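Okay, thanks for squeezing me in. I'd like to spend a couple of minutes on pockets, so let's get the structure up.

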Amino acid sequence: MTYTTLHATPSAATYQHLRVASGLSPKSAEAAARGLPNTLFGVQLLHGDEVVGMGRVIGDGGTAFQVVDIAVLPAHQGRGLGKRIMQEIAAWLRDHVPASGYVSLLADVPADALYAQFGFVTTAPRTVGMAWKRPAA
């Protein structure tokens, strides 16, 4: 199969579809509409006219960067597309992150092995990932 790389942030509808279809948590239309315009770098993989994979870099553009939303539709998994997305992101990071910038990501196992290929290392036990949980209403 032939895939085309597009350096662009996905539409909100595409973003929502790819997240859910690839097994990531759903995001509301409001969250997507508010968050996507703040993307520092976005990459999409297309098979014909269909977007089948994506990844983004978010952050403040100087001190903090986070790799997020790496997703590939199940029918296209196992073909190295996650690696291809990460190659595009890694190239962008090398060109745009200052020497003192901090790049992070949260990795689901076994995807951590993919990210390790691009220089990402676990930070535990010195630091651990934490997430804020909204209190019940």
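Right, one thing before the details: this is a predicted model. I'll start with the second largest pocket, and with β5, because I'd like you to find that strand on the screen.

So, which element gives the largest share of the lining here? That's β5, with four residues in the lining of the second largest pocket. The strand runs 102–105, and along with α4 it's one of the elements that each supply at least two lining residues. The space in this second largest pocket comes to about 590 Å³. There are 23 residues around it, and if you zoom in on the centre, the closest ones are Leu105, Leu106, Ala107, Thr123 and Gly129. As for the make-up of that lining, we have 15 nonpolar residues, seven polar and one charged.

Okay, over to the largest pocket. How much volume does it have? About 1000 Å³. Its lining takes in 36 residues, and nearest the centre you'll see Arg19, Leu24, Val68, Asp69 and Ile70. Quite a few elements give two or more residues to this lining: helices α1 (12–21), α2 (29–35), α3 (81–96) and α4 (112–116), plus strands β3 (50–59) and β4 (64–72). Of these, β4 puts in the largest share, seven residues.

And what classes of residue line the largest pocket? 20 are nonpolar, ten are polar and six are charged.

One last thing to look at on screen is α4: this helix gives at least two residues to the lining of the second largest pocket, and it also gives two or more to the lining of the largest one. That's me done, over to you.

Key. Residues are numbered from 1 along each chain as its sequence is written. This is a predicted model: local features need pLDDT of at least 70, side-chain atom pairs count only at pLDDT 80 or more; totals for chains, interfaces and linings use all residues. Side-chain values use heavy atoms; hydrogens and water are left out. On a 1 Å grid over the protein atoms alone, a cavity is a set of points where a 1.4 Å probe fits but cannot get out, and a pocket is an open set with protein on both sides within 12 Å along at least five of seven lines; lining residues have an atom within 4 Å of a point. Grid points are joined across faces, edges and corners, and a volume is the space filled by probe spheres set on the points. Ala, Val, Leu, Ile, Met, Phe, Trp, Tyr, Cys and Pro count as nonpolar, Asp, Glu, Lys and Arg as charged, and the others, Gly among them, as polar.
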